[in-house]
Amino acid sequence: MAYEDMYLKDQRPKVDCLVFDLDDTLYPVSSGIAAEVLKNIHGYMVEKLGIEKGKVSDVSNLLYRNYGTTMAGLRAMGYSFDYDDYHSFVHGRLPYEKLKTDPVLRHLLLSLPIRKVIFTNADKVHAAKVLSRLGLEDCFEGIICFETLNEGSGGLFAAPILCKPSEFAMEHALRLANIAPQRAVFLDDSVRNIQAGKSIGLRTVLVGSSCRVKGADHVLESIHNLREALPELWEEAEKAEDVRFQSKVAMEASVIA
Ligand SMILES: [Mg+2]
């Protein structure tokens, strides 16, 4: 390896990717979207799967706790349903107008010259709608979503659904996106996702909470506090930019000389 390459590698920021959950992380739970999602999941279980109305709340709770998402639990229980139909029922009728453009978050994200990726258990249509409502559609390099991990796995002989907080699913997602966990920061509002993230070597930020929990390296009440909580991300990124710039200038100068 050339000396310049070795030098640049040594000067790389410790963090080279931020992995963001979407719902209740990029916008607050107070938007009311999460409550509407839950209502629609219950509606789907009654209307499409014929589960008794009085039982859906307990069943979905149990499945959510044991399988990561209610959907994954329903699939594991042997219910056969079309994943696109489920997503359009659960997300298609959401009051997206409750989500407002967030120029503060947009500025914060764009001011940080580090790779940023979304990692959500939701489907790609929902992810695109949320990002567009928040005015953040161009702030991320890519979206890891339901389809990324489960494309083509539906149908009668469906494989188990892969989703957070399965460590297998999370490691698979990071590999697909070429993200090294020890050089990435993972931000999510779910304690169990954060704990799974910690187990696979990610640096973790629990969003939407004021209580420290096991597995969370940082806790933020709002994603808007990111810079105050982790100023080193900006400092390191700026230092790395400077090194790259100085190295480029030095190389150009030596070529000219
Ligand atoms: Mg979330």
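Visitor: In what order do the 6 strands of the open sheet stand?

Guide: Happy to start there, with the reminder that this is a predicted model. The 6 strands make an open sheet, and their pairing is parallel. Read across the sheet, the order is β3-β2-β1-β4-β5-β6.

Visitor: Which strands leave one side without a neighbour in the sheet, and why?

Guide: A strand with a single partner has one side left without a neighbour in the sheet, and that is so for the strands at the edges. One of them covers residues 142–144. The two edge strands are β3 and β6.

Visitor: By how much are neighbouring strands of this sheet turned against each other on average?

Guide: Direction is ignored for this value, which is an average over neighbouring strands of the sheet. The turn comes to 25°.

Visitor: Let's move to β1. Which strands does β1 pair with?

Guide: On one hand, 4 bridges join β1 to a parallel strand at residues 115–119, where valine 117 is the bridge partner of valine 19. On the other, β1 pairs over 4 bridges, again in the parallel sense, with a strand at residues 184–188. In that second strand, alanine 184 is the bridge partner of cysteine 17. The partners of β1 are therefore β2 and β4.

Visitor: Are the faces of β1 covered or open, and which residues tell us?

Guide: In a regular strand, side chains alternate between the two faces of the sheet. Strand β1 spans residues 17–20, with Cys17 and Val19 on one side and Leu18 and Phe20 on the other. These four are buried, so a residue count of 20 or more other C-beta atoms within 10 Å applies to each. Both faces of β1 are covered.

Visitor: Which residues have the most contacts inside the largest nonpolar core?

Guide: In soluble globular proteins, nonpolar side chains tend to be buried together. Here the largest nonpolar core has 52 residues. Valine 19 touches, beyond its neighbours within four places in sequence, Val117, Phe119, Ile179, Ala184, Val185 and Phe186. The residues with the most contacts inside the core are Val19, Phe20 and Val205.

Visitor: Is valine 219 buried, partly exposed or exposed?

Guide: Valine 219 lies in β6, at residues 218–220, and β6 is an edge strand. Not counting residues up to four places away, valine 219 is in contact with Leu206, Ser209, Ser210, Cys211 and Arg212. With 18 C-beta neighbours inside 10 Å, valine 219 counts as partly exposed.

Visitor: Which strands does helix α10 lie across?

Guide: Helix α10 takes up residues 191–199. Against the strand at 203–207, α10 runs at about 175°. The strands that α10 lies across are β4 and β5.

Visitor: How do α2 and α5 stand to each other?

Guide: Two packed helices are described by the angle between their axes and the distance between the axes. For α2 (residues 33–47) and α5 (residues 83–91), the axes come within 8 Å and cross at roughly 135°, and the crossing is right-handed. Val37, Asn40, Ile41 and Tyr44 of α2 meet Tyr86, Phe89 and Val90 of α5. By their angle, α2 and α5 are therefore oblique.

Visitor: Where is the cis peptide bond that has omega of about 5°?

Guide: Most residues other than glycine have a negative phi, and most peptide bonds are trans. The cis bond involves proline 165, placed in the loop between α8 (146–150) and α9 (167–176). The two residues that the cis bond joins are lysine 164 and proline 165.

Visitor: Aspartate 24 and asparagine 178 have a positive phi. Where is each placed, and how exposed is each?

Guide: Aspartate 24, with phi near 65°, sits in the loop between β1 and α2. Asparagine 178, with phi near 60°, sits in the loop between α9 and β4. Within 10 Å there are 18 other C-beta atoms for aspartate 24 and 10 for asparagine 178. So aspartate 24 is partly exposed, and asparagine 178 is exposed.

Notes
Residues numbered from 1 in each chain as written. Predicted model: local features only at pLDDT ≥ 70, side-chain atom pairs only at ≥ 80, totals over all residues. Core = buried A, V, L, I, M, F, W, Y, C linked by C-beta atoms within 7 Å. Buried ≥ 20, exposed ≤ 12 C-beta atoms within 10 Å, placed from the backbone. Contact = placed C-beta atoms within 7 Å. Axes fitted to C-alpha atoms, helices over the stretch in contact; angles between N-to-C directions. Parallel < 35°, antiparallel > 145°, perpendicular 65-115°, else oblique. Left-handed = near helix turned anticlockwise from the far one by under 90°.
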